Every structure is written in C-alpha cells, then in structure tokens.
Amino acid sequence: MHEMFEVIESHDWDVLLDHVDNKTLFVFDLDNNIIETAQVLGSDQWFRQYYLRKVKEGLAHDYALNETLDIYDKAHHLTEVKLTDPKLRTVLRCLLDLDSEMIGLTTRGARISEPTRRQLESQGIVFKQHGF
C-alpha cells in the first residue's frame, strides 16, 4: 500500500500551521529563507559575487572556490544572523511545541555545522538531533 503525499510551497508562514498533524514533515531551506547574515559578508550573495570575481581575475575555478569557501567558513564562525521574517520565531516555536517533524536544508558544509547550529539557536530555532 502506497501513501500519497502532497508538497506545499508557500511564502506565507502562517499557512504552515494549517498543515500540522502527525504525518507532516516540514522541510526548510535555511539560507535566505529562515535566516540570513546580519551583514553582506558570509551571505549567499557575497559567496557568488566573490567567487565570480576571483574567476574573472584569472584564478582557476577550484582555487577560486577553495578561497571563497575558506573566507565563507571563517565568516560564519564569527557572524550573527537574523530571521528573514519576524513571524518565523512564533511559527517555528508553534511547530516545535506541537512536536512537528522538521528538517532544515543548507548547502553549508559540515565544516561549519557547529556555527550554523549556534546561529539557529541564537534565533530560537532548535532542530531535533541537529536535523539540518
């Protein structure tokens, strides 16, 4: 027997609360959807622009990527983040209080999983068993 599932995408955070039940899995893209850096350095936008500038300056793609990742990772050990929407704290807290299953997705590497956890916690977001 196969169960049907439905994917719901929304930019309205309140819609999430209409779908809370014991069979719902909430999947969040963290960067620029849940949290963003408090400054430009370390943001996804900064990453892309810095990388492209290094390639344009003549650096080989792998060297440009390694240099960009090195700075990006160091920035995330120091940077603060903010929620992309002030409503998120309340909505995510409700989901946690209702024991909803949640996963946070990110392209950030394992090298900065601890700073990412710390950044999320600074905004009141705690995934069970580091589910990001």
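Start by selecting helix α4, residues 88-97, and look at the face turned away from its buried side: T90 and D97 are the exposed residues there. Exposed means over 50% relative accessible area, buried under 20%, and partly exposed in between, with a 1.4 Å probe and protein chains only. Helices (H or I, at least four residues) and strands (E, at least two) are DSSP runs, numbered from the N terminus.

A word on what is on your screen: this is a predicted model, in which local features need pLDDT of at least 70 and side-chain atom pairs count only at pLDDT 80 or more, while totals for chains, interfaces and linings use all residues. Residues are numbered from 1 along each chain as its sequence is written, and side-chain values use heavy atoms, with hydrogens and water left out.

Now turn α4 over and select L88, V91, L92, L95 and L96, its buried residues. Looking down the axis of α4, you will find them within an arc of 135 degrees, so they line one face of the helix; the arc is that of the directions from the helix axis to the C-beta atoms. Show the neighbours next: α1 (14-17), β1 (25-29), β3 (81-83) and β4 (101-105) are among the elements covering these residues, where contact means heavy atoms within 4.5 Å. Just past the end of α4, click on D99, which has a positive phi of about 60 degrees.

Stay here for the largest nonpolar core, which has 18 residues; F28, I34, L92 and M102 touch the most other members. A nonpolar core is a set of buried Ala, Val, Leu, Ile, Met, Phe, Trp, Tyr and Cys residues joined through side-chain atoms within 4.5 Å. At least two residues of this core come from each of β1, β3 and α4, and α4 gives the most, with five. F28 is also worth selecting together with W13 and F26, as the three form one aromatic cluster.

Next stop: helix α3, residues 61-78. Its 18 residues reach 26 Å from first C-alpha to last, close to the 26 Å expected at 1.5 Å a residue (1.5 Å times one less than the number of residues). Pick out A64, T68, Y72, D73, A75 and H76, the buried residues of α3. They cover an arc of only 160 degrees around the axis, which puts them on the same side of α3. On the face turned away from that side are the exposed residues Y63 and L78. The cover over the buried residues of α3 includes β2 (35-37), α2 (44-56) and α5 (113-122).

In α5, select T116, which counts as buried at 1% relative accessibility. Add H77 as well: T116 and H77 are 39 residues apart in sequence but 8.4 Å apart in space, C-alpha to C-alpha.

Finish with the rings. The whole structure holds four aromatic pairs; Phe, Tyr and Trp rings (the six-membered one for Trp) pair if their centres lie within 6.5 Å, with planes under 30 degrees apart stacked, over 60 edge-to-face and the rest tilted. W46 and Y50 have ring centres 5.0 Å apart and planes at 25 degrees, so this pair is stacked. Both residues are buried. Then select F47 and Y72, an edge-to-face pair at 5.3 Å centre to centre and 85 degrees between the planes. F47 lies in α2 and Y72 in α3, so the pair ties together parts that are 25 residues apart in sequence.
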